[in-house]
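Student: I am new to this structure and would like a close look at one part of it. Please start there and then show me how it fits with the rest.

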Amino acid sequence: MAEARRDLGRRLAAWRVERGLTQLQLATSICYFRSSVANAEIGRDTSVRRFWQDADRAVDARGALLAGFDQMAALVRDFHAQRAQVRDEERQRRAGRTATQTTHAATGDCGCGSVVVGRWTGQETRALREALRMTVHDFARHLGVAPETVSGWEHHHTSTPPPTMATQAALDETLTLADNSVKARFLLILDTPDRHA
């Protein structure tokens with residue numbers, strides 16, 4: 001998966017250079033920060049499908065970048081599905097043992113491969129943003145919403161409507177494509193009492 005991300009990033013960089021655009025020029029044209037483009041090009045951040053759709057259009061890749069993102073996303077989904085299947089098989093195998101034989105060994109794996117959020121509220125949204133180490137402005141741009149909207153979710157402003165179905169899907173996708181360290185931070189932040197006023 002890491003190699004697929006890097007390969008997609010290299011293709012984005014190649015298309016951008018071929019069109020004579022700097023990272024800043026591309027970022028500005030698709031309403032993202034330059035760091036978002038830079039991270040995508042080195043495979044560090046896959047963003048969401050909308051980023052690749054906008055980037056594809058901006059560099060006139062004729063769907064090549066978007067198809068590459070879809071293939072990479074499918075690979076990530078398959079990987080997580082396989083991991084979930086292995087865990088299920090392991091649980092079933094352990095269930096055959098007596099209770100006294102069951103042990104809980106620390107494996108170093110947080111088991112974060114299939115973290116799912118039933119309904120995104122301000123608490124989960126904020127935990128994901130902080131787990132990604134993003135500012136409110138970066139996170140808002142990542143989702144394609146206004147920074148005031150993200151702030152409203154996080155501070156439970158009654159005047160701010162909850163995330164739409166499209167935004168919830170983008171949040172789902174962001175969490176699904178995040179690496180295990182981000183998912184582990186997300187769960188840890190959710191379990192930590194909110195110290196902010």
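Which residues in α9 are buried?

Tutor: Happy to help! The buried residues of α9 are Thr167, Gln168, Ala170, Leu171, Thr174, Leu175 and Leu177. Here, buried means under 20% relative accessible area, exposed means over 50%, and partly exposed lies in between, with a 1.4 Å probe and protein chains only. Before we go on, please note that this is a predicted model, in which local features need pLDDT of at least 70 and side-chain atom pairs count only at pLDDT 80 or more, while totals for chains, interfaces and linings use all residues. Residues are numbered from 1 along each chain as its sequence is written, and side-chain values use heavy atoms, with hydrogens and water left out.

Let us stay with α9 for a moment. This helix covers residues 165-177, and its 13 residues should span 18 Å at 1.5 Å a residue, which agrees with the 18 Å between its end C-alpha atoms. The expected span is 1.5 Å times one less than the number of residues in the helix. Helices themselves are DSSP runs of H or I with at least four residues, strands are runs of E with at least two, and both are numbered from the N terminus.

A good residue to pick out is Ala170, which sits in α9. Ala170 counts as buried because its relative accessibility is 13%. Setting aside neighbours within four places in sequence, Ala170 is in contact with Val48 and Leu143, where contact means heavy atoms within 4.5 Å. Val48 is 122 residues from Ala170 in sequence, yet their C-alpha atoms are 6.7 Å apart in space.

Another link starts from Val117, in the loop between α5 and α6. Val117 has a relative accessible area of 12%, so it is buried. Apart from residues up to four places away in sequence, Val117 touches Glu124, Asp172, Leu175 and Phe186. Of these, Leu175 is one of the buried residues of α9. Leu171, also buried in α9, is 54 residues from Val117 in sequence and 9.1 Å from it in space, C-alpha to C-alpha.

Now step back to the chain as a whole. The protein chain has ten helices and zero strands, and 37% of its 197 residues count as buried. Among contacts between residues at least 6 apart in sequence, 64% join residues at least 24 apart.

In soluble globular proteins, nonpolar side chains tend to be buried together. A nonpolar core is a set of buried Ala, Val, Leu, Ile, Met, Phe, Trp, Tyr and Cys residues joined through side-chain atoms within 4.5 Å. The largest one here has 21 residues, and Leu12, Phe51, Trp52, Leu65 and Phe69 touch the most other members. At least two residues of this core come from each of α1 (2-18), α2 (23-29), α3 (34-41), α4 (49-58) and α5 (64-95). The largest share, six residues, is supplied by α5. A second, separate core of 18 residues includes Val117, Trp120, Ala127 and Phe186.

Next, look at how two helices meet. Helix α6 (residues 122-131) packs against helix α8 (residues 147-154) at an angle of about 120°, with axes 7 Å apart. That makes α6 oblique to α8. Angles under 35 degrees count as roughly parallel, over 145 as roughly antiparallel, 65 to 115 as roughly perpendicular and the rest as oblique. The axes are lines fitted to C-alpha atoms, for helices over the stretch in contact, and the angles run from 0 to 180 degrees between N-to-C directions. On the α6 side, Gly122, Thr125, Arg126 and Arg129 meet Val150, Trp153 and Glu154 of α8.

Just beyond, the loop between α8 and α9 holds Thr160. Thr160 counts as buried because its relative accessibility is 17%. Its contacts, not counting residues up to four places away in sequence, are Thr149, Gly152 and Trp153.

Finally, two loop residues deserve a glance. Most residues other than glycine have a negative phi, and most peptide bonds are trans. Cys31, however, has a positive phi near 60°, and Asp60 has a positive phi of about 55°. Cys31 lies in the loop between α2 and α3, and counts as exposed because its relative accessibility is 54%. Asp60 is in the loop between α4 and α5, and at 37% relative accessibility it counts as partly exposed.
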